[in-house]
Amino acid sequence: MSYDIFISYRREGGDTLAQLIYDRLTDRGYRVFLDIESLRSGKFNEKLLSVIEECKDVVVILPPGGLDRCSNEDDWVYLELSHAIKTGKNILPVMMKGFVWPDKLPENLRELPDFNGIQDSKDYFDAVIDKMTSLLRSRPVMFHKFRKTNKKYDFREQIARRKKTILFVLCCFLAIAAGMGAVCWKKYEKRKQMAENVSIVLSASDKMSAAEYYDAIDILKERMEILAGDSKYSMDIQKDEIDLLIPLECFGGIDIQEYLRAYLSRAVKLYLQEQNSDRILEIQPDDIENLEYQEGSVDGLVLTEYFSSYTAEENPSLAEMDSYHYFELTFTEEFQQTISDIFGNDTDSLILSQDVEENPDNYYYYRLFMGKSGNFYFIDNYQDDALAELILHNYTSEPMPYSFYFDILLPVEWEYPKELKECGVNQCNEEQIKDPCVILQYQPADDLTEGNEKDAFAVFRKRLDTLETPYALGHTVSAEHGITVKVAPDRLNQEMLEWLGVSSNSISVQNKFYPSVTLEKGSFSFEKKEESYLLSASISSYSVDEWKTTVEQVLESENTDFYLGMTDQIVARCTEESVKESVDTGKVYLDQLTVWGMDEITEEYRYLLDFLEELFNGQTMPSRFWMENIRYEGVENSENAFPLVSSVSVEQERLEKEITQICPSAQVRLSEEGYLTVWLGLKKEELTPERLLSLIKQIYEIIDFSHNLWCRNLYIRGDQDNTTGFFLNTDRYETHRMVYEFVFPKDSFLEEYDAEFAGLLKEDPFFTETIIPDESGY
């Protein structure tokens, strides 16, 4: 094969970009040569010079220091570039972030800076390729079809032609048979691959530059080599995403969800931190003199928990163990002095934390314990040796510039309906579910027997069948009794994903501040009213008297709305008239479904009522199944993956619009559980006690706290670092509990702020009449 473009690069720092450029140019039809099989080692391959001679263009990848070794006449890059210049090739230097032209170049390479160069950019990589193609002498390979003129054939020619046709048909038949066999083999291999490998998708941080992305990939490769050992794994590197496929056997006893996230995808920047204090000290790799992973016990080691002390023999978690795994950490003398200057001699409350600045609310940490030798220890009694080696590597090596976003799917053994005695009406093979789709992995809250697991699969099938859309079910291999679902997202929303795994069939009619009343099991029914539907349900016989009392109390109050509630979610609304009529009959009509943001249910959404009926009247799930993992495939924006909105999202949109009008920097988050968090986005200098109190009252009025059933608890924070904390909850009608706390770097400022804030509270009728303190006071 002949080539038009030759890519010259160094393996150290340039291989990833070289591969990406090769892929993009090849996709556009260019004939590109990239030497990857030899890994650019050993004696220079003289055949490369002949390849350069036949090419029109030479693309050279220049990472930082990429030309430093060109003073050596045996250097690969020097030989390639000098020959390209000698033979008059069009050279395109691609300069990565940090590359600087050296002051002095060998005689043969002095023309190199005069060629048109291109600055690499991860964020605008397509533009980089566009500019590169505009500078190339080569052109993409084009294919043309030519019209043939018809010829007249005699009889013998027609016989020969018929024989050829028969032979051609036979060959086609054999090719089709071979193709079908290849497809079946490919399906088998995919099925086997999904059952034996953990799938991980790492997405690059928006903060990463192109050079930082390539650096992070190199660090990720080092970590993967340690974790995988001798096992084979695949790494598919794309523009801003990396797909990893890792054999399950690599993980041993590692908690894949928690520990792999902490040590594989995160930056792993280390800090010493003091509990209950803002004092923090960053640790550089050079500050660590020695770090060892050992098994045994540390003689005389005093283990502390918060501010109490006990010996290893008294520690309940270690008392029954003759030995345990631990890391011994030794800092340099200079860094030990720094620790003493910042934290003093009291080291009982120190922790070794990871990625605090990137993840202030979700950093990873170990408690540190001081030994007699002055060294620090942290206990890790649950990990595989491979992870321990990875921790040692991460803590003593340069960190990633930024963390990756992390998405995981555990191995799955999919069910195939033809192999089952009983299967769902809409259940199909996994490969039949086309994109866009969503893959959900559920884990039971309780231990299940084999019979319980079969019952759980049966319940999932019945609930999914009500959606009237194809789905696939599978066993999550590495999670005991775990269940995996693959389905199109067009008939779901976030709330329904959770409801698929609920165990309790208990559904009740409730008001915000009065007791809920249980409905009669199996009493759900639908009644069509014009173009919409009404739900009717009966109150349980043992709840009728309680129901009458509750209705009378509610009708006398301001909050007259009743709701159908299930698993802490609001399903439908009852009108006041329906509530009054149900006092004697015990039958409630639910005329507005609110959880999907609908005022009425039309025939198009009748399946939603079938879904609700199956949840309430159908077979009970043997255990609550929690959704652990979710993967979107073929979905451009996961936030808009589900066409059906939830009532919570509708309420959040309203609150966000109105709250940002009084505080433009605010961020609003309403959870499915009814927790509303408002980050004001204000620093302590901007958030005076007077302004904080004013914002609290305005937000309270916007929420309509006494009547808002979606918002049960309110958190107000000064900014993302939680410099100011204020909490309200609605455990009482018309009065609410309040807790507030302040965390500022300077204690003197905290005392002054706290005193001023408390004084204003006592003078404000809003707080003295509407808000009551918690048990410890304001």
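**A four-stranded sheet and two helices**

In this predicted model, strand β15, covering residues 350-354, pairs with β16 in the antiparallel sense, and four bridges tie the two together. Within this pairing, Q354 sits opposite Y364, a residue of β16.

These two strands belong to a wider arrangement: an open sheet of four strands, ordered β10-β9-β15-β16, with antiparallel pairing. At the edges are β10 (280-283) and β16 (364-367), each of which has a pairing partner on one side only. Going from one strand to the next, the twist averages 25°. The sheet also has a helix for company, as α7, made up of residues 256-265, lies across β15 and β16. The direction of α7 is at about 100° to that of β16.

Further along the chain comes helix α15, which spans residues 647-662 and so counts 16 residues. From its first C-alpha to its last, α15 reaches 24 Å, close to the 22 Å expected at 1.5 Å a residue. Its buried residues are S647, V648, E651, Q652, L655 and I659, where buried means under 20% relative accessible area. Looking down the axis of α15, these buried residues fall within an arc of 125°, so they line one face of the helix. The other side of α15 tells the opposite story: E653, K657 and Q661 are exposed there, with over 50% relative accessible area.

How values were computed:
Residues are numbered from 1 along each chain as its sequence is written. This is a predicted model: local features need pLDDT of at least 70, side-chain atom pairs count only at pLDDT 80 or more; totals for chains, interfaces and linings use all residues. Side-chain values use heavy atoms; hydrogens and water are left out. Two strands pair if DSSP finds at least two bridges between them. Axes are lines fitted to C-alpha atoms, for helices over the stretch in contact, and angles run from 0 to 180 degrees between N-to-C directions. Contact means heavy atoms within 4.5 Å. The expected span of a helix is 1.5 Å times one less than its number of residues. Buried means under 20% relative accessible area, exposed over 50%, partly exposed in between (1.4 Å probe, protein chains only). The arc is that of the directions from the helix axis to the C-beta atoms.
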